[in-house]
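Trainee: I would like to learn how to read a protein model step by step, and I would be glad to put my questions to you as we look.

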Amino acid sequence: MRTCVGCRARAPRAQLLRLVNDDGRLAVDARAVAPGRGAWIHPDPTCLELAERRRVFGRALRVSGPLDAAPVRQWLDSFQGRSPARADRSRAGAGKTDCEGG
Ligand SMILES: [Zn+2]
């Protein structure tokens, strides 16, 4: 069990995302294999926001300066968009192009 640095709830590590310090930026360690310290968080923008607001990443990862969480935000965006969305193809008709040859 790990504690989410955002909402402070405990969860199995399989349900949490591991974040590491990548030269001053937060990086997602999706496979949880990166060496060094890691911060665990739900793959949820709400938890990321909470953690950012409370500046827990610096403590968790032992970094004195601010950490850029933008990469994590981007990762979460694509993560949440991964659900299989049905392609909406309402316009299945073939488009006709008028070609006036002269
Ligand atoms: Zn959380």
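Mentor: What follows is a set of questions and answers about this model, which is a predicted one.

Trainee: In what order do the elements of the protein run from the N terminus on?

Mentor: Begin with the inventory, which is 3 helices and 5 strands. Reading along the chain from the N terminus, the order of the elements is β-β-β-β-β-α-α-α.

Trainee: Which residues have the most contacts inside the largest nonpolar core?

Mentor: Of the 102 residues of the protein, 21% count as buried, and the largest nonpolar core has 17 residues. At least two residues of this core come from each of β3 (17–22), β4 (25–29), β5 (39–41), α1 (45–53) and α3 (70–80). Inside the core, the residues with the most contacts are Leu19 and Ile41.

Trainee: Which residues of α1 does Ile41 touch, leaving aside its neighbours within four places in sequence?

Mentor: With those neighbours left aside, the contacts of Ile41 include Cys4, Val5, Gly6, Leu16, Leu17 and Leu19. As α1 spans 45–53, we look in the list of contacts for numbers in that range, and we find Cys47, Leu48 and Ala51.

Trainee: Which residues form the covered face of β4?

Mentor: β4 runs antiparallel to β3, and 5 bridges join the two strands; within this pair, Val20 stands opposite Ala27. Ala27 belongs, with Arg25 and Asp29, to the uncovered face of β4. The covered face is formed by Leu26 and Val28.

Trainee: Which residue takes a positive phi in the hairpin of β3 and β4?

Mentor: Most residues other than glycine have a negative phi, so a positive value deserves a second look. In this hairpin there are 2 residues between the strands, and the one with a phi near 55° is Asp23.

Trainee: Is Arg8 buried or exposed?

Mentor: Arg8 is found in the loop between β1 (2–3) and β2 (10–11), and its phi is positive, near 65°. To settle the point we count neighbours, and a residue with 12 or fewer other C-beta atoms within 10 Å falls in the lowest class. Because Arg8 has 12 C-beta neighbours inside 10 Å, Arg8 counts as exposed.

Trainee: How many other C-beta atoms lie within 10 Å of Ala32?

Mentor: Ala32 is found in the loop between β4 and β5, and its phi is also positive, near 55°. Ala32 counts as partly exposed, because the number of other C-beta atoms within 10 Å is 15.

Terms used: Residues numbered from 1 in each chain as written. Predicted model: local features only at pLDDT ≥ 70, side-chain atom pairs only at ≥ 80, totals over all residues. Core = buried A, V, L, I, M, F, W, Y, C linked by C-beta atoms within 7 Å. Buried ≥ 20, exposed ≤ 12 C-beta atoms within 10 Å, placed from the backbone. Contact = placed C-beta atoms within 7 Å. Pairing = 2+ DSSP bridges.
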